[in-house]
Amino acid sequence: MTRREMLRQLGGAIGLAAGLPLAARAQARTQGLSGVADALVSFTAAEAKTLRAIISRIIPSDENGPGGLEARADRFIDRALAGALKNQKAAYSAGLAAVDGYSQSLKGRPFADLAPNDQDAILTDMQSNRATGFDGGSGPFFNLVRTHTIQGTFSDPFYGGNENFVGWDLIGYPGARVVVSANLQRMDVKPEPSRKSAYDYGMFTKGEF
Amino acid sequence: MATTLKKTNVVIIGLGAAGGVACLPLAQAGLEVIGLEAGSWLNTKDMAPDELKLSRGLWPPGPQKTKVEGVTSRPNASQTAVRGNHPMMNAVGGTSVHYMAQSWRLNPWDFKVRSETIRRYGASRIPKGSTIEDWPLAYEDLEPFYDHVEYEIGVSGKAGNIAGKKDDRGNIFEGSRKREFPMPALRTTGYMEKMIAAGKSLGWHPFVAPAAITSRAYEGRPGCAYHGYCIGAGCHINAKSSTAVTTIPKAMKAGKFSVVTEARVTTIEADNNGRVTGVNYLTDGQEYFQPADAVLLGSYVYENVRVLLLSKSKPYPNGLTNNHGQVGKHYFSHNQGGAVSALFPFNLNNWYGTPGQGIAIDNWADDNFDHSGLDFIGGGNLYVYTERRPIAAVNGVQGWVQGGANWGSKWKAFVKENADRYNTAYLQKTTLPYEDNYLDLDPAVKDPLGFPVIRITAEYKDNERKIGAFIAEKMKQWYMAAGAVQVNGNGNVGGAMGASTHAYGGTRMGNDPETSVVDKWGFSHETPNLGILGGSVMGTSGARNPTQTLQALAWRTADHLVKNWKSISS
């Protein structure tokens with residue numbers, strides 16, 4: 001999908017997002033998706049809620065700074081499932097339903113409504129392939145979400161994640177540049193972050209989400 | 001029904017690192033040359049510093065080759081080969097568009113491994129089962145062509161041996177060269193300077209390695225911008241000296257050289273006298289026959305062997321130029337396994353740069369040290385380099401996490417602190433050919449056109465494993481001297497040789513048709529007007545990247561064709 005097609009589709013989705021408060025819908029029209037969590041292109045609201053809860057435990061927001069949710073890895077995945085990762089859309093829908101099913105069977109509530117400790121226990125079960133109700137096992141689904149959470153947190157912000165460069169700031173990556181001076185390769189220098197996406201330089205054809 | 005095109009002097013199959021060089025001397029000599037390339041021209045606008053795009057396989061356009069020509073491999077003949085990917089790319093310039101661009105000459109020893117080993121240590125030291133031979137030419141024979149390549153594509157570096165005069169700012173173990181590199185070495189970084197100091201503290205000889213990357217403006221191209229995103233990526237400013245931005249455009253300007261893109265060569269035709277008459281190729285499913293006086297086969301190692309084995313005719317019932325059964329033999333891929341990584345207690349600021357921007361040590365390569373008390377021959381080049389990408393950093397630092405947790409707050413704290421504190425060395429080691437390592441056509445797996453793909457049957461042997469362990473220990477010493485707190489990796493190089501970007505042999509160069517396919521000029525022993533270009537003619541690997549050597553050989557083969565045009569073409 002091209003960026004233009006995506007935006008057209010997003011526009012449609014925003015207009016149709018009946019569940020959004022009026023103010024949020026207006027904000028969505030003027031600012032695109034960045035201000036609105038609920039204007040989804042791939043997930044249902046319930047799926048997104050579960051995914052966001054998982055992301056916030058994989059890379060939590062804590063004393064070391066913002067995490068995967070603040071980077072909007074959820075938005076990255078939502079967009080990618082309509083583009084480059086569309087083959088994995090069905091795996092996400094089934095997997096997220098299975099997370100809530102397992103959570104219900106164990107704790108009597110959906111995953112997003114659990115306390116962080118209980119959420120971590122469930123993710124640990126999933127990762128070690130002990131959680132039940134997953135087609136093909138819970139481990140592969142955990143790994144899928146983890147891989148995409150990392151991509152969404154640390155990839156170029158063009159793809160909808162790494163909002164405000166929080167992922168790059170976390171690890172000290174000084175950002176995409178097209179020219180790097182000798183000084184920026186010294187060990188006693190901490191390069192000033194570029195705060196730029198590769199596509200902010202106006203030199204490159206934009207990719208697909 | 002194939003359409004027969006107008007005859008030309010020379011057809012070059014494949015315009016990658018090798019074919020993309022051979023076209024220049026031919027065009028300069030005034031020959032009419034057609035280059036058939038399965039890929040197309042690439043655009044710098046598509047070469048964004050975008051890790052996700054690069055890692056998804058959208059660029060470089062490699063997956064097409066995997067889908068069409070993905071090879072199968074197995075460690076030995078008792079197993080069934082399984083389909084894998086193909087590490088190379090179809091494009092004008094081929095994989096030289098996105099390679100690491102380390103641009104080395106082999107050392108003189110690499111040309112005479114067999115005789116030098118016997119002379120210095122005795123015949124018993126040739127590893128069992130190895131088919132290693134001396135090359136039919138010496139380093140000195142190739143030196144003028146190394147020089148042409150360095151100047152025509154643009155290589156940056158510091159000479160360590162000019163006409164026998166050693167200079168330890170360069171590689172004192174290199175063969176004698178007649179002059180300095182055309183550009184100074186790529187600049188050093190803080191991390192590289194730390195590794196230089198550490199190497200010197202051990203009494204070794206670290207130097208900035210040569211790279212086919214501009215260190216300053218060169219022939220209309222700018223100097224490298226060191227922005228990262230160089231591994232497996234094209235250069236946004238054409239500072240990487242691929243053939244697509246150097247020798248190919250020069251050849252187009254010099255003479256009657258035309259590039260035909262999206263031409264997938266299927267077979268080479270031969271007449272009843274055993275001479276090749278031209279090349280069959282497909283474009284968009286249409287068949288064409290391009291007649292030529294001479295053919296230079298310059299696709300990748302796997303496809304060189306494949307095209308020959310698929311080109312059966314009356315004089316060549318077992319495949320073109322294969323009446324001695326040598327096509328596919330003496331195959332090996334470079335021993336690069338057995339990774340060694342270090343964790344430092346400080347940031348390296350290694351985010352930018354390029355793998356061509358690195359420090360090498362050759363003290364433990366080739367026969368640069370005494371092997372009398374050792375139980376292997378050859379050695380390895382120690383190499384550390386710059387460039388680190390954010391997602392790769394997060395995944396790469398995982399090997400250092402205590403307990404192996406890979407999510408949650410503790411993990412996040414560790415990643416935050418250490419993402420820029422680790423480094424993995426690139427260790428290229430001597431690999432030998434063996435009698436039971438070979439390429440042939442897979443009996444079961446076919447490409448979408450219905451042609452069998454290449455099957456690799458090859459595994460590392462004791463000599464490779466012993467070098468792996470030895471070199472890992474040396475690399476560990478170097479890292480520890482630089483202040484590493486921990487070094488991982490014991491140099492276990494593993495068993496099977498899968499598909500590799502450093503593949504060698506299959507159409508080995510030699511004097512004896514019973515043990516080689518091409519002569520010392522790169523022309524077939526059996527087929528007088530067929531030349532072969534690329535790593536498939538190389539009989540030894542050395543301990544360094546093959547590209548510049550196979551480019552020098554390609555130049556020399558083309559030069560031989562020019563100088564002997566009348567006898568070869570008629």
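Helix H3 and helix H7 of chain A are among the elements that cover the buried residues of helix H4 of chain A. Helices here are DSSP runs of H or I with at least four residues, strands are runs of E with at least two, and both are numbered from the N terminus. A residue is buried if 20 or more other C-beta atoms lie within 10 Å of its own, exposed if 12 or fewer, and partly exposed in between, with C-beta atoms placed from the backbone. Cover is a matter of contact: two residues are in contact if their C-beta atoms, placed from the backbone, lie within 7 Å.

This is a predicted model, in which local features need pLDDT of at least 70 and side-chain atom pairs count only at pLDDT 80 or more, while totals for chains, interfaces and linings use all residues. Residues are numbered from 1 along each chain as its sequence is written, and chains are lettered from A and ligands numbered from 1 in the order in which they are written.

**Helix H4 and the two chains**

H4(A) spans residues 73-80, and eight of its eight residues are buried, so the helix is largely enclosed by the rest of the structure. The buried set includes A:Asp74, A:Arg75 and A:Phe76. Chain A has eight helices and zero strands. Chain B has 13 helices and 23 strands.

| Chain | Residues | Buried | Contacts 6 or more apart that join residues 24 or more apart |
|---|---|---|---|
| A | 209 residues | 42% | 53% |
| B | 570 residues | 58% | 75% |

Chain B has a radius of gyration of 23 Å, which agrees with the value near 25 Å for a compact globule of 570 residues. That radius is taken over C-alpha atoms, and the globule rule is 2.2 Å times the number of residues to the power 0.38. Along the principal axes, the C-alpha atoms of chain B fill a box of roughly 70 × 55 × 50 Å.

**Where the chains meet**

In the interface, 40 residues of chain A are in contact with 40 residues of chain B. On the chain A side, helix H3 (45-58), helix H7 (138-154) and helix H8 (166-171) each supply at least two residues. That side divides into 24 nonpolar, eight polar and eight charged residues. Nonpolar means Ala, Val, Leu, Ile, Met, Phe, Trp, Tyr, Cys and Pro; charged means Asp, Glu, Lys and Arg; the others, Gly among them, are polar.

**A sheet in chain B**

Four strands of chain B form an open antiparallel sheet, in the order S8-S15-S16-S18. Strands pair if DSSP finds at least two bridges between them. S8 (206-208) and S18 (428-429) are the edge strands, and each pairs on one side only. Helix H11 (462-481) of chain B packs on this sheet, touching S15, S16 and S18. The direction of H11 makes about 45° with that of S16(B); axes are lines fitted to C-alpha atoms, for helices over the stretch in contact, and angles run from 0 to 180 degrees between N-to-C directions.

S15 (358-361) and S16 (380-385) of chain B pair over four bridges. B:Ile361 stands opposite B:Leu382, and B:Ile359 has B:Val384 as its bridge partner. S16(B) and S18(B) pair over two bridges. Here B:Gly380 partners B:Lys429.

Six of the six residues of S16(B) are buried, so the strand is largely enclosed by the rest of the structure. B:Gly380, B:Leu382 and B:Val384 point one way, and B:Asn381, B:Tyr383 and B:Tyr385 the other way.
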